[in-house]
Amino acid sequence: PSLDFKSFGYADENKKDDLTLIKGVGPYIELKLNEIGIYNYDQISRLKDSDIRIITELIDFFPGRIERDNWVGQAESLIKY
C-alpha cells in the first residue's frame, strides 16, 4: 500500500516536529513514521481513516491504536499557529 501525500501533505527533515509529544508515539514509532514520510503535526492532523489503515500496516502498528490514542486530535492541538 502507498500513502496519498497529496491529501495530507509532504514533509521532510526540514519540517520535522517532535512526534513523541503525541501520546502513543515513542522514539521507535517516530522513526518508523519518518521512514514513511510523516514528519509533522500538520500531516498527522489531516489523516483520513484510509491513511491511518495504511500507516498501521506500513509501520506494523497495533490496529486501532492510532484512533484510540487520537493522534489526529492531539496533532491538531500541538500545531502552533
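A residue counts as partly exposed when its relative accessible area falls between the buried class, under 20%, and the exposed class, over 50%. That scale helps with the salt bridges in this predicted model, so they come first.

Side chains of opposite charge can pair when their charged atoms come close. Across the whole structure, 4 salt bridges turn up. In one of them, Asp-69 and Arg-65 meet through their side chains, with 2.7 Å from N to O. Arg-65, at 27% relative accessibility, is partly exposed, while Asp-69 is buried at 10%. Salt bridges with shared partners also bring in Lys-23, and the result is one network of Lys-23, Arg-65 and Asp-69.

Another salt bridge links the side chains of Lys-16 and Glu-30, at 3.0 Å from N to O. Lys-16 sits in the loop between helix 1 and helix 2, and Glu-30 belongs to helix 2, so this pair ties together parts that are 14 residues apart in sequence. Here too the partners fall into two classes: Lys-16 is partly exposed at 32% relative accessibility, whereas Glu-30 is buried at 12%. Arg-46 and Asp-42 form a salt bridge as well, with 3.2 Å between N and O. In this case Arg-46 is partly exposed, with a relative accessible area of 44%, and Asp-42 is partly exposed at 33%.

Now for the aromatic rings. A pair of aromatic rings is described by the distance of the centres and the angle of the planes. The model holds 4 aromatic pairs. For Phe-5 and Phe-8, the ring centres are 5.1 Å apart and the planes meet at 50°, so the pair is tilted. These two residues are 3 apart within helix 1 (residues 5–8), which means that about one helical turn separates them. Both Phe-5 and Phe-8 are buried, and together with Tyr-10 they make up one aromatic cluster. Phe-61 and Phe-62 also form a tilted pair, with 5.9 Å from centre to centre and 50° between the planes. Phe-61 is buried, with a relative accessible area of 10%, but Phe-62 is exposed at 53%.

What does Gln-43 touch, once its neighbours within four places in sequence are left aside? The contacts of Gln-43 are Phe-5, Phe-8, Gly-9, Tyr-10, Ala-11, Gly-37 and Ile-38. Gln-43 is part of helix 3 (residues 41–45), and it is buried because its relative accessibility is just 1%, under the 20% cut-off. Its side chain reaches two backbone oxygens: that of Gly-9 at 2.9 Å and that of Gly-37 at 3.0 Å.

Helix 6 (71–78) has its own set of buried residues, namely Trp-71, Val-72, Gln-74 and Ala-75. These cover an arc of only 165° around the axis, so they lie on the same side of helix 6. What do these buried residues of helix 6 pack against? Their partners are helix 2 (27–35), helix 3, helix 4 and helix 5.

Finally, a look at the backbone. Most residues other than glycine have a negative phi. Asp-60, although not a glycine, has a positive phi of about 55°. Asp-60 lies in the loop between helix 4 (49–58) and helix 5 (65–68), and it is exposed, with a relative accessible area of 70%. Asn-70 is not a glycine either, and its phi is positive at about 55°. Asn-70 sits in the loop between helix 5 and helix 6 and is partly exposed at 41% relative accessibility.

Methods: Residues numbered from 1 in each chain as written. Predicted model: local features only at pLDDT ≥ 70, side-chain atom pairs only at ≥ 80, totals over all residues. Heavy atoms only, no water. Phe/Tyr/Trp six-rings, centres within 6.5 Å; stacked < 30°, edge-to-face > 60°. Helix = DSSP H or I, 4+ residues; strand = E, 2+ residues; numbered from the N terminus. Buried < 20%, exposed > 50% of the residue type's maximum accessible area, 1.4 Å probe, protein only. Polar contact = N/O pair within 3.5 Å; in protein donor to acceptor, adjacent residues only side chain to side chain. Contact = heavy atoms within 4.5 Å. Arc of directions from axis to C-beta.
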